[in-house]
Amino acid sequence: MALPYLQEAVSRPVDLRKVASMVQSRIEVFPDIRDQVDFINEVPEYSIDLYSHKKMKTNPENSLQLLTEVLPVLEAAEDFSNDALFASLQEFAKEKEYKTGFVMWPIRTAVSGKAATPGGATELLSLLGKEESLLRIRAAIEKLS
């Protein structure tokens, strides 16, 4: 039933079943889908203030540092599935002695340009694919520089 709304809202070739499962618990009516997934086509214009999150202890400055540090990890990733990315980023966080949320918040913000998304960082990375995710992270690094 949601398929026509997803097809209307998402023009990028992504797995619409994944998108549907991500938005399922976040919408009340099907027309709400558009606002939840508009970032899939392209990152909307956003303020760097989105990188500031009190609980995650992030801000634009440390988010720039984090994205710069994590970019080579993502570039080297051969498996861009949600589980593989989560494991890789968790290992990265452990090595750097970062909390997982400190790593995930800037990545999710960089790839979505939104304060709230229907999925977490690794779900979005996996959905968008490696090439698009890396383009968006590089653009975020430039925006924060």
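This is a short tour of helix packing, salt bridges and a few single residues, stop by stop, in a predicted model.

**Stop 1: helices H4 and H5**

Start by selecting residues 60-76, which are helix H4, and residues 82-96, which are helix H5. Two packed helices are described by the angle between their axes and the distance between the axes. Here the axes come within 11 Å and cross at roughly 130°. An angle over 145 degrees would count as roughly antiparallel; H4 and H5 are therefore oblique to each other. Turn the view until one helix lies over the other, and you are looking at a right-handed crossing.

Now show the side chains at this contact. From H4, pick Leu66, Glu69, Val70, Val73 and Leu74; from H5, pick Leu85, Ser88, Leu89, Phe92 and Lys96. Colour them by class and the contact of H4 with H5 splits into 7 nonpolar, 1 polar and 2 charged residues.

Stay with Lys96 for a moment, since this residue of helix H5 is part of the contact you have just coloured. Is Lys96 buried, partly exposed or exposed? With a relative accessibility of 41%, Lys96 counts as partly exposed. If you draw a distance from its C-alpha atom to that of Asn62, you should read 13 Å, for two residues 34 places apart along the chain.

**Stop 2: Thr122, and on to H7**

Next, select Thr122, which sits in helix H7, residues 121-128. Its relative accessibility is 5%, so Thr122 counts as buried. Which residues does Thr122 touch, once those up to four places away in sequence are set aside? They are Asn82, Leu85, Phe86, Leu89 and Met104. Two of these names may be familiar: Leu85 and Leu89 are also on the H5 side of the contact with H4.

**Stop 3: helices H2 and H7**

Keep H7 on screen and add helix H2, residues 16-23. The two helices pack at an angle of about 155°, and their axes are 10 Å apart. Because the limit for this class is 145 degrees, H2 and H7 count as roughly antiparallel to each other. Their crossing is left-handed, whereas H4 passes H5 in a right-handed one.

To see the contact itself, show Lys18, Val19 and Met22 in H2 together with Glu123, Leu124, Ser126 and Leu127 in H7. By class, these residues are 4 nonpolar, 1 polar and 2 charged.

**Stop 4: the salt bridges**

Side chains of opposite charge can pair when their charged atoms come close. How many salt bridges does the structure hold? There are 6, and the tour visits some of them.

- Select Lys143 and Glu45, whose closest N and O atoms are 2.9 Å apart. This pair links distant parts of the chain: Lys143 belongs to helix H8 (residues 130-144), while Glu45 is in the loop between helix H3 (33-37) and H4, 98 residues apart. Lys143 is partly exposed at 30% relative accessibility, and Glu45 is exposed at 72%.
- Move to Glu75 and Arg138, which meet in a salt bridge with an N to O distance of 2.8 Å. Glu75 lies in helix H4 and Arg138 in helix H8, so this pair ties together parts that are 63 residues apart in sequence. Both partners are partly exposed, Glu75 at 35% relative accessibility and Arg138 at 37%.
- Finish with Arg136 and Glu132, where the closest N and O atoms are 2.7 Å apart. These residues are 4 places apart in helix H8, which means that about one helical turn separates them. Both Arg136 and Glu132 are buried. Add Arg12 to the selection: salt bridges with shared partners join Arg12, Glu132 and Arg136 into one network.

**Stop 5: Arg34 in H3**

For the last stop, go to Arg34 in helix H3. Its relative accessible area is 41%, so Arg34 is partly exposed. What is Arg34 in contact with, leaving aside neighbours within four places in sequence? Select Glu8 and Ala9 to see the answer. Then add Tyr5: it is 29 residues from Arg34 in sequence, with the two C-alpha atoms 7.4 Å apart in space.

Definitions and conventions:
Residues are numbered from 1 along each chain as its sequence is written. This is a predicted model: local features need pLDDT of at least 70, side-chain atom pairs count only at pLDDT 80 or more; totals for chains, interfaces and linings use all residues. Side-chain values use heavy atoms; hydrogens and water are left out. Axes are lines fitted to C-alpha atoms, for helices over the stretch in contact, and angles run from 0 to 180 degrees between N-to-C directions. Angles under 35 degrees count as roughly parallel, over 145 as roughly antiparallel, 65 to 115 as roughly perpendicular and the rest as oblique. A crossing is left-handed if the near helix is turned anticlockwise from the far one by less than a right angle, and right-handed if clockwise. Contact means heavy atoms within 4.5 Å. Ala, Val, Leu, Ile, Met, Phe, Trp, Tyr, Cys and Pro count as nonpolar, Asp, Glu, Lys and Arg as charged, and the others, Gly among them, as polar. A salt bridge is a side-chain nitrogen of Lys or Arg within 4 Å of a carboxyl oxygen of Asp or Glu. Buried means under 20% relative accessible area, exposed over 50%, partly exposed in between (1.4 Å probe, protein chains only).
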